[in-house]
Number of protein chains: 2
Amino acid sequence: MDSEQYMGRWISILYRYNQMYLSRELEPLNIGAGQHPILKVLFNRDGIHQEDIVHSTCMDKGTVAKSIKRLLEQGYIVKKGCPEDRRACRIFLTSKAHEIKSDLDTVLSRWTDIVTADFSKEEKVLVFSLLQRMAYNAEQYLLEKKVEDRK
Amino acid sequence: MDSEQYMGRWISILYRYNQMYLSRELEPLNIGAGQHPILKVLFNRDGIHQEDIVHSTCMDKGTVAKSIKRLLEQGYIVKKGCPEDRRACRIFLTSKAHEIKSDLDTVLSRWTDIVTADFSKEEKVLVFSLLQRMAYNAEQYLLEKKVEDRK
DNA sequence: TCCATTTAGTTGGAATTGCAACTAATTTAC
DNA sequence: GTAAATTAGTTGCAATTCCAACTAAATGGA
């Protein structure tokens, strides 16, 4: 097998190129590449707990806390205390966020179009399902490892 | 289309999980997740110029310079001036690097095995070719953009 | 009930990375 | 042949991210 044929190589290139694209495209909105996953989750389910965002984005809770801080500063979200659990907080989109929803969706789906430009319809569907399965397998492996470490 | 179905989401998850896996697995070798792409390129073509490494890894020249600095400190590579072009330098693997080649290859191919664990042989081949084409499309797009900006 | 454990969230530190500005050497153009 | 432009590489800065340590609140077992 060609020594370039290991999964991490292609994933790394695609991730880094995507980050470059997003930084440039989201700059006019004052949104960094790291903040958009949180907005996407909230557009789906507004008002969820910060902990839910952590799970939905598969990101570290520290990372999410910092991204939320920046979205607060930019006025895209507001934070409300949760009366049932005083440790927790719920995150809500502002009208400023709702105004840019379609812009954000356009930027994200354009990247999909760019990288799958020469794909057939079948290939476009296929690549999502393969990536989704890989992400699931990776997650399962890391979870197992974490459980092992706890022993 | 499901709002989770945009390419960047899966790529991001897979990239971040891979970085976690690599940091842990390469720690005993004192290699960070960011250094291994350079070693991989050198195992393929030892003694190439730093500029060649930049192109082969698709990474920024500043990033490569820093990773090379750490590999030098760890004694995995040596740097030699290039007499034909006194700005440039050539990078060579040390015996310490050759000793860990098979360990590194094992770690990298194990990740491929983990994420494609439930894939058929055909799917394993397919996913590489799809990722490769996506990376190529992304690169072409960003290159075009860069040329446009120069105007 | 009370103490131990778990959970939600914050903060500091370090690694990875891209960009921009810089130096020094080379190449190109006139 | 010299000045301008390009190229190889370094460095500082900022963004993204994970981890670990921490606080405060909630949960659970004796």
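Which residues in helix 2 of chain B are buried? They are B:His36, B:Pro37, B:Ile38, B:Leu39, B:Lys40, B:Val41 and B:Leu42. Here a residue is buried if 20 or more other C-beta atoms lie within 10 Å of its own, with C-beta atoms placed from the backbone.

## About the model

This is a predicted model, in which local features need pLDDT of at least 70, side-chain atom pairs count only at pLDDT 80 or more, and totals for chains, interfaces and linings use all residues. Residues are numbered from 1 along each chain as its sequence is written, while chains are lettered from A and ligands numbered from 1 in the order in which they are written.

## Chain A at a glance

Let's start with the overall fold. Chain A holds six helices and two strands, arranged along the sequence as α-α-α-α-β-β-α-α. Both kinds of element are DSSP runs numbered from the N terminus: helices are H or I with at least four residues, strands are E with at least two.

The C-alpha atoms of chain A fit a box of roughly 55 × 45 × 25 Å along the principal axes. Of its 151 residues, 29% count as buried. Among contacts in chain A with a separation of 6 or more, 45% come from residues 24 or more positions apart; a contact means that two C-beta atoms, placed from the backbone, lie within 7 Å.

## Two enclosed helices

Helix 1 of chain A (residues 7-26) has 20 residues and reaches 28 Å from its first C-alpha to its last, close to the 28 Å expected at 1.5 Å a residue. That expected span is 1.5 Å times one less than the number of residues. In this helix 14 of the 20 residues are buried, so it is largely enclosed by the rest of the structure.

Back in chain B, seven of the nine residues of helix 2 (residues 36-44) are buried, so this helix too is largely enclosed by the rest of the structure. The cover over its buried residues includes helix 1 (7-26), helix 3 (50-57), helix 4 (61-73), strand 1 (77-81), strand 2 (89-93) and helix 5 (95-115) of chain B.

## How the two chains meet

A rotation of 180° with 0.0 Å of shift along its axis superposes chain A on chain B, with an RMSD of 0.0 Å; the fit is by least squares on C-alpha atoms of residues with pLDDT of at least 70 in both copies. This is the relation of a two-fold axis. The same surface serves both copies, as 100% of the contact residues of chain A recur in chain B.

Leaving aside neighbours within four places in sequence, A:Leu14 is in contact with B:Ile11, B:Leu131, B:Met134, B:Ala135 and B:Ala138.

Methods. Buried ≥ 20, exposed ≤ 12 C-beta atoms within 10 Å, placed from the backbone.
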